[in-house]
There are 2 protein chains.
Amino acid sequence: MMTVHEVSALSGVTIRTLRYYDRVGLLCPAARTEAGYRLYDDETLRKLQRILLLRELKIPLRDVSRLLKMSETAQREAIGRQITLLELKKERTEKLIALARRLSKGEETMDFSPFDRCKEEAYTAEAKARWGETEAYGAYEKKAASRTEAEGSLLAGRMMQIFADFGALMDGDPASEAAQAKVKELQDFISTHYYPCTDAILMGLGQMYVADERFRANIDAAGGEGTAAFVQKAIAVHCGKE
Amino acid sequence: MMTVHEVSALSGVTIRTLRYYDRVGLLCPAARTEAGYRLYDDETLRKLQRILLLRELKIPLRDVSRLLKMSETAQREAIGRQITLLELKKERTEKLIALARRLSKGEETMDFSPFDRCKEEAYTAEAKARWGETEAYGAYEKKAASRTEAEGSLLAGRMMQIFADFGALMDGDPASEAAQAKVKELQDFISTHYYPCTDAILMGLGQMYVADERFRANIDAAGGEGTAAFVQKAIAVHCGKE
DNA sequence: ATTGACACTCTCCTTACGTCATGGTTTACA
DNA sequence: TGTAAACCATGACGTAAGGAGAGTGTCAAT
């Protein structure tokens, strides 16, 4: 039977951590002295070792706690899931690195206005073509006119973000659930901030994304080469389905 | 002047977040109504946009707060540092994935006992050769004998971890600061848990790491092909320097 | 018997907010 | 003009995994 001090020295975890693990029921000592000192035995030690291994893999302690009560197979399975999670995390980090590089390289670190102007023009043109001088179009015009430059820029930045997200999905299928969810998000976003975006209009936008030079350049800058084309394909799938 | 609701809709951050940013002084509204309602203007909005960009890069809000008061150049620099950090994080994640794969593939998911037995034998032999039947050796023998299997396994696991860390440094210089720090850590670890590990003994261990089949196999399993050789080189640098 | 090292519990602190709870304000409509 | 809906405010509590420190009890040795 070892005290906290000895276990700490042996395992490398702090005494505080041992106490914490006891309190949350993750690793309770085998016994206590009369004075209340924690006493650990060999089995507890082995359990601690397993805990440390799972913790290494960044598995949340809550899950570790549950896992320890389950079979070896289940634990193996959990590790497999954790691998998937870690891979996702790695991808996200890679995306961030790419974004940071673009930011630190680009002259206009945080200026989306070129895209913004382009977008406004294009959307306006598209909306006009679809609606003519209808009431909805009038409402949009009014909203757009009353929008300050800062507001427009903010919205453009969010649009860029959506396209960047599309870029991250590009190695997958345009029909994948994730891509289709993004399409919906894009449609919602346009509907909320610009004008009610029907599937027909969305379809037209998608075609414009690849056809219009400035548009395609901006979108590909946000999500990488080929993003505009990918978005168009994803939109086509979305509209074809419904 | 916009209310929290409007800013929230425009920027995509929650109202709660806006309130939080106000409280911590990161983004205070331009004004308040008599009733205390927050009112945001265009300039505040632009500031929010910059905040969101830096936040995207996982820069801590505390740092974002400081950065916003600094020059454009300083911000660019900070982004550069952040890239380095993100790359480190990516590497760590990759290491974790490798570890998880080893764990889920290996039959003996969490059993270090082969390494443990090997290590005990080898260390014992090395220690004996260095010290003969001295007092220090007697103390070590006693400690080793009283060690239960679980205790030994835990220590072996930590040793594996150290070798895994060496493996992650393998693409660098054995004389690098990081590698040398690891050598010190290894020496400390042995001194603390086995016997006082002088440079001479450490040197001998390093040679054994590459010479002894079982040893090398175990170390390379922990840190990847060539880890044992790398550790030996790092140890040589350490001992040559002092 | 005292001292120093060690143990205990308790509480607050960390990030970046989410989630109520409670109550005041503004606006739209009847 | 009354009221209901929608909006706003502050404050408190919770999160993951402990760290730091306060205040107090216990053990071994001198």
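**Two protein copies and two DNA strands**

Reader: What surrounds DNA strand C, and which residues are closest?

Author: In this predicted model, 21 residues surround DNA strand C. The closest are His5(A), Arg38(A), Thr14(B), Tyr21(B) and Arg62(B).

Reader: What makes a residue count as near the strand?

Author: One of its heavy atoms must lie within 4 Å of the strand. Of the atoms of DNA strand C that come within 4 Å of the protein, 70% belong to sugar and phosphate.

Reader: Why is the pair between Thr14(B) and DNA strand C called a polar contact?

Author: The cut-off for a pair of N or O atoms is 3.5 Å. A polar side-chain atom of Thr14(B) is 2.8 Å from a phosphate oxygen of DNA strand C. That pair therefore counts as a polar contact. Tyr21(B) also has a side-chain N or O atom 2.8 Å from a phosphate oxygen of this strand.

Reader: What does Tyr37(B) approach on DNA strand C?

Author: A base nitrogen. A polar side-chain atom of Tyr37(B) lies 2.9 Å from that nitrogen.

Reader: Which elements give two or more residues to the surface near DNA strand C?

Author: From chain A, α1 (4–11) and α2 (15–23). From chain B, α2 (15–23) and α4 (61–68). The most comes from α2(B), with four residues.

Reader: How do the residues of that surface divide by class?

Author: Nine are nonpolar, five polar and seven charged. Tyrosine is counted as nonpolar here, so Tyr21(B), one of the closest residues, falls in the nonpolar class.

Reader: Now the other strand. Which residues come nearest to DNA strand D?

Author: Thr14(A), Tyr21(A), Thr3(B), Arg19(B) and Arg38(B), out of 21 residues around DNA strand D. Sugar and phosphate make up 72% of the atoms of DNA strand D within 4 Å of the protein.

Reader: How do you know that Arg32(B) makes a polar contact with DNA strand D?

Author: A side-chain N or O atom of Arg32(B) is 3.4 Å from a phosphate oxygen of DNA strand D. The limit is 3.5 Å, so the pair qualifies. For Arg38(B), a side-chain N or O atom is 2.7 Å from a phosphate oxygen of the strand. Leu61(A) takes part through its backbone: a polar atom there is 3.1 Å from a phosphate oxygen of DNA strand D.

Reader: What supplies the surface near DNA strand D?

Author: At least two residues each come from α2 and α4 (61–68) of chain A and from α1 (4–11) and α2 of chain B. The largest share is that of α2(A), with four residues. By class, the surface holds nine nonpolar, five polar and seven charged residues.

Reader: Why are the two copies said to be related as by a two-fold rotation axis?

Author: Chain A superposes on chain B by a rotation of 180°, with 0.0 Å of shift along the axis and an RMSD of 0.1 Å. The two copies are thus related as by a two-fold axis. Within chain A, Lys90(A) comes closest to that axis, its C-alpha at 2.9 Å.

Reader: How do you know that the copies meet through the same surface?

Author: Of the interface residues of chain A, 98% are also interface residues in chain B, so the surface is the same.

Reader: What makes up chain A, and how much of it is buried?

Author: Chain A has twelve helices and two strands. The order is α-α-β-β-α-α-α-α-α-α-α-α-α-α. Of its 242 residues, 46% are buried, and buried means under 20% relative accessible area.

Methods:
Residues are numbered from 1 along each chain as its sequence is written. Chains are lettered from A and ligands numbered from 1 in the order in which they are written. This is a predicted model: local features need pLDDT of at least 70, side-chain atom pairs count only at pLDDT 80 or more; totals for chains, interfaces and linings use all residues. Side-chain values use heavy atoms; hydrogens and water are left out. A polar contact is a pair of N or O atoms within 3.5 Å; within protein, one must be able to donate a hydrogen and the other to accept it, and residues adjacent in sequence count only if both atoms are side-chain atoms. Copies are superposed by least squares on the C-alpha atoms of residues with pLDDT of at least 70 in both. Contact means heavy atoms within 4.5 Å. Buried means under 20% relative accessible area, exposed over 50%, partly exposed in between (1.4 Å probe, protein chains only).
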